[in-house]
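Student: I would like a close look at one part of this model. Please start from a single strand pairing and work outward from there.

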Amino acid sequence: VQLQASGGGLVQDGGSLRLSCAVSGGTLSNCAVGWFRRAPGREREFVSWSNTASNTINADSVKGRVTITRDVAKNTVYLEMNSLKTEDTAVYYCAAKPGRASSQATDYDSWGQGTQVTVSS
């Protein structure tokens, strides 16, 4: 499958953004999708995942501030982020895999190109 991430931008501390991950070349109903991020000078970090049953898991660092949802009809997964902090600044990537969802980036075999999120103080 191919993934196209979008929706990033510049937002002030406390603001909100909604990221989108459009899936093509496959069916979202057969894919687990994860969101990861990489901040400058830091390792890639798990953010959230959604599995084929629409169960979700969020990382502790974003818990209570992000919501991941999927629209199977649109083959798109969304990451709604609220109460953004400067430490959320990163390039955000979506990734997909068949089968069970995972918080491990190495378990995913399809990746989008990333979308930049910048939170200013």
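Student: In which sense do strand 7 and strand 8 pair, and over how many bridges?

Tutor: This is a predicted model. In it, strand 7 and strand 8 pair in the antiparallel sense. The pairing runs over six bridges. One contact to look up is that of T69, whose bridge partner in strand 8 is Y78. Strands of a sheet pair through backbone hydrogen bonds, either parallel or antiparallel.

Now the sheet around this pair. It is an open sheet of four strands, in the order 1-3-8-7. The pairing is antiparallel. Strand 7 (66-71) is an edge strand, and strand 1 (2-6) is the other edge. Each of these two pairs on one side only. On average, neighbouring strands of the sheet are turned by 15° against each other, direction ignored.

Strand 3 of that order leads to the disulfide. The count is one disulfide. The bond joins C21 to C94, with the sulfurs 2.2 Å apart. The torsion about the S-S bond is about 75°, so this disulfide is right-handed. C21 lies in strand 3 (residues 17-24) and C94 in strand 9, so the bond ties together parts that are 73 residues apart in sequence. Both ends are out of reach of the probe by the numbers. C21 is buried at 0% relative accessibility. C94 is buried too, with a relative accessible area of 0%. C31 is in no disulfide. For C31 the nearest cysteine sulfur belongs to C21, and that sulfur is 9.5 Å away. The cut-off for a disulfide is 2.5 Å between sulfur atoms. C31 also counts as buried, at 6% relative accessibility.

Strand 8 leads on to the charged pairs. Side chains of opposite charge can pair when their charged atoms come close. The structure holds four salt bridges. Take R37 and D88. Their closest N and O atoms are 2.9 Å apart. R37 sits in strand 4 (residues 31-38), while D88 sits in the loop between strand 8 (76-81) and strand 9 (90-98). The two residues are 51 residues apart, and the pair links distant parts of the chain. R37 is buried, with a relative accessible area of 5%. D88 is buried as well, at 1% relative accessibility.

R37 has another partner, E45. Their side chains meet in a salt bridge at 2.8 Å, N to O. E45 is partly exposed, with a relative accessible area of 22%. That value is above the 20% under which a residue counts as buried.

Next, K63 and D60. Their side chains meet in a salt bridge at 3.0 Å, N to O. Here K63 is exposed, with a relative accessible area of 53%. D60 is exposed too, at 64%. Salt bridges that share partners join R37, E45, R65 and D88 into one network.

To recap, follow the chain of links from your starting point. Strand 7 pairs with strand 8 over six bridges. Strand 8 stands between strand 3 and strand 7 in the sheet order 1-3-8-7. Strand 3 holds C21, and the disulfide partner C94 lies in strand 9. The loop between strand 8 and strand 9 holds D88, the partner of R37 in strand 4.

How values were computed
Residues numbered from 1 in each chain as written. Predicted model: local features only at pLDDT ≥ 70, side-chain atom pairs only at ≥ 80, totals over all residues. Heavy atoms only, no water. Buried < 20%, exposed > 50% of the residue type's maximum accessible area, 1.4 Å probe, protein only. Pairing = 2+ DSSP bridges. Axes fitted to C-alpha atoms, helices over the stretch in contact; angles between N-to-C directions.
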